[in-house]
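Please open the structure in your viewer and keep the selection tool at hand. The tour goes from one selection to the next and says what is found at each stop.

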Amino acid sequence: MMRRYRQQRHRVLQIVIKLLIPFMMLFALYVQFHGDFGPGGGFQAGVIFAAAFIVHGLIFGVQRTREVISPSVLRVMMASGVLLYALTGVVSMMLGGAFLDYDMLAANPLSGQHWGVFAVELGVGITVTSVMISLFYSFASARN
Amino acid sequence: MTEQLLIVVLLMFLVVCTIGIIYLRDLLAAVILLGIYSLTAAGIFVVMDAVDVAFTEAAVGAGISTILLLACLSHTNHIQKPQSHSNYWAIIMVSVTGLLLIYGTLDMPMYGDIMSPAQTHPDIAQRFIHESPHEVGIQNMVTSVLASYRGYDTLGEVVVVFCAGIGVLTMLGLKRREPDADTLTDELTDQGNEGDAGGEVAQRAGQSGSVQRSRRG
């Protein structure tokens with residue numbers, strides 16, 4: 001009974017947000033991977049991707065968002081983004097370049113740069129997304 | 001000319017927003033004004049052709065930080081406590097610092113000056129404009145500067161974001177949250193439909209107090 005009441009309270013918002021969330025995520029991915037050509041990059045994409053989850057949490061309740069993406073997964077993601085960034089630098093060192101010198105990552109320096117920037121931006125995006133969602137979880141559910 | 005006029009008008013909006021934020025006692029309204037401030041700043045960046053910065057400001061400043069501040073406000077009162085004493089020393093210090101900062105800007109190059117050192121120095125703007133297509137090969141020069149030429153800086157920024165996350169989790173997030181009373185009852189009513197999960201919830205509900213306490217201890 002209670003649950004049915006809660007679900008019907010913001011019926012219009014819930015349906016509109018349900019329709020919007022996939023497009024927000026798609027736009028975030030566009031911003032992430034189109035940063036080479038237009039404005040955008042890991043930071044903005046991460047924030048937009050996190051916004052999709054935060055909107056879900058605002059409308060459906062944080063408890064249900066926690067079931068979608070749990071805080072422990074987010075903690076792993078936070079670290080793995082930074083690690084991906086730093087490891088890109090370490091790999092380029094191992095291949096004979098300087099730290100974060102992407103020229104070495106492929107046979108051709110230009111495509112090496114391309115792959116390096118891709119990996120680094122992905123790391124930024126993963127970390128920013130997970131930190132933003134974790135912050136929202138912390139602020140939204142710390143009662144008392 | 002119209003561009004300059006637009007920037008002046010937007011900057012005046014910023015000043016009005018700031019004064020409003022200082023004077024408002026209603027914190028909810030102050031947070032909303034802060035969002036408007038960020039959006040106006042993003043507008044200024046667009047007029048200045050700094051699209052990447054504008055994008056970040058709109059997404060981070062106007063979007064996420066407003067939501068996070070609102071989430072914080074849901075734990076406190078919406079009305080700021082009135083201060084009984086007035087701080088003359090504080091306003092004197094702030095004014096002196098502000099005047100010093102304005103004095104510091106007098107040495108800076110004029111707005112849009114193409115002869116400024118940042119524009120003419122061979123290792124900064126000139127290098128990025130002329131060499132980045134051959135060296136990095138990415139059309140968006142901002143991305144190639146941020147991710148390739150200034151890779152260390154960006155790594156540092158990501159570490160800062162990571163540390164901020166760790167800090168907040170340490171203060172607020174790590175303790176195991178007790179399920180809300182209402183969500184718990186919701187899940188209990190669904191017990192029949194979701195066999196295992198429901199049983200687990202019921203068990204948790206039965207002993208939640210003692211279990212939580214023993215886990216923390």
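A residue is called buried here when its relative accessible area is under 20%, exposed when that area is over 50%, and partly exposed in between. Bear in mind throughout that this is a predicted model.

**First stop: a loop in chain A**

Select Leu100(A), which sits in the loop that joins H5 and H6 of chain A. Its relative accessible area is 6%, under the 20% limit, and therefore Leu100(A) is buried. The backbone deserves a look as well, since Leu100(A) has a positive phi of about 65° although it is not a glycine.

Keep Leu100(A) in view and add Ser92(A), a residue of helix H5 of chain A. Leaving out residues up to four places away in sequence, Ser92(A) touches Leu100(A) along with Gly97(A), Ala98(A), Phe99(A), Asp101(A), Met104(A) and Leu105(A). Ser92(A) counts as buried because its relative accessibility is 0%. Its side chain reaches two backbone oxygens, that of Gly89(A) at 2.7 Å and that of Ala98(A) at 3.2 Å.

Next, move to Gly112(A), whose place is in helix H6 of chain A. With a relative accessibility of 0%, Gly112(A) is also counted as buried. Apart from neighbours within four places in sequence, Gly112(A) is in contact with Tyr102(A), Asp103(A), Leu105(A) and Ala106(A). If you draw a distance from the C-alpha atom of Gly112(A) to that of Met25(A), 87 residues apart along the chain, the separation is 28 Å.

**Second stop: the nonpolar cores**

Which residues have the most contacts inside the largest nonpolar core? Select Tyr85(A), Met132(A), Leu135(A), Phe136(A), Tyr137(A) and Ile64(B), which have the most contacts within this core of 39 residues. The elements that give two or more residues to the core are helix H3 (42-60), helix H5 (71-94) and helix H6 (109-141) of chain A, together with H3 and H8 of chain B. Colouring H6(A) separately is worthwhile, as this helix gives the most to the core, with twelve residues.

From that group, centre the view on Tyr137(A) and show what surrounds it. Residues up to four places away in sequence aside, Tyr137(A) touches Val62(A), Thr65(A), Arg66(A), Ile69(A), Pro71(A) and Leu74(A). A second core, separate from the one just visited, has six residues, and among them are Ile17(A), Ile21(A), Val55(A) and Phe60(A).

**Third stop: chain B by itself**

Now hide chain A and look at chain B, whose secondary structure comes to ten helices and zero strands. Chain B has 217 residues, of which 26% count as buried. Among the contacts in chain B with a separation of 6 or more, residues 24 or more positions apart account for 46%.

Select Asp49(B), found in the loop between helix H2 (27-47) and H3 of chain B. The phi of Asp49(B) is near 65°, a positive value in a residue other than glycine. Is Asp49(B) buried or exposed? With a relative accessible area of 62%, Asp49(B) is exposed.

Then show Glu135(B) and Arg127(B), which form a salt bridge with their closest N and O atoms 3.1 Å apart. Over all chains, the count comes to one salt bridge. Both partners are partly exposed, Glu135(B) with a relative accessible area of 29% and Arg127(B) at 30% relative accessibility.

**Last stop: where the chains meet**

Bring chain A back and select the residues in contact between the two chains, 48 from chain B and 52 from chain A. Chain B and chain A bury about 4,500 Å² between them, and 70% of this area is on carbon and sulfur atoms. The count of salt bridges between chain B and chain A is zero, whereas twelve residue pairs across the interface are in polar contact.

On the side of chain B that touches chain A, at least two residues each come from helix H3 (51-73), helix H6 (125-135), helix H7 (141-149), helix H8 (151-173) and helix H9 (181-189) of chain B. H8(B) gives the most to this side, with 16 residues. If you colour this side of chain B by residue type, its residues divide into 25 nonpolar, 13 polar and ten charged.

Notes. Residues numbered from 1 in each chain as written. Chains lettered and ligands numbered in written order. Predicted model: local features only at pLDDT ≥ 70, side-chain atom pairs only at ≥ 80, totals over all residues. Heavy atoms only, no water. Contact = heavy atoms within 4.5 Å. Buried area = accessible area lost by both parts, 1.4 Å probe. Salt bridge = Lys/Arg side-chain N within 4 Å of Asp/Glu carboxyl O. Polar contact = N/O pair within 3.5 Å; in protein donor to acceptor, adjacent residues only side chain to side chain. Helix = DSSP H or I, 4+ residues; strand = E, 2+ residues; numbered from the N terminus. Nonpolar A, V, L, I, M, F, W, Y, C, P; charged D, E, K, R; others polar. Core = buried A, V, L, I, M, F, W, Y, C linked by side-chain atoms within 4.5 Å. Buried < 20%, exposed > 50% of the residue type's maximum accessible area, 1.4 Å probe, protein only.
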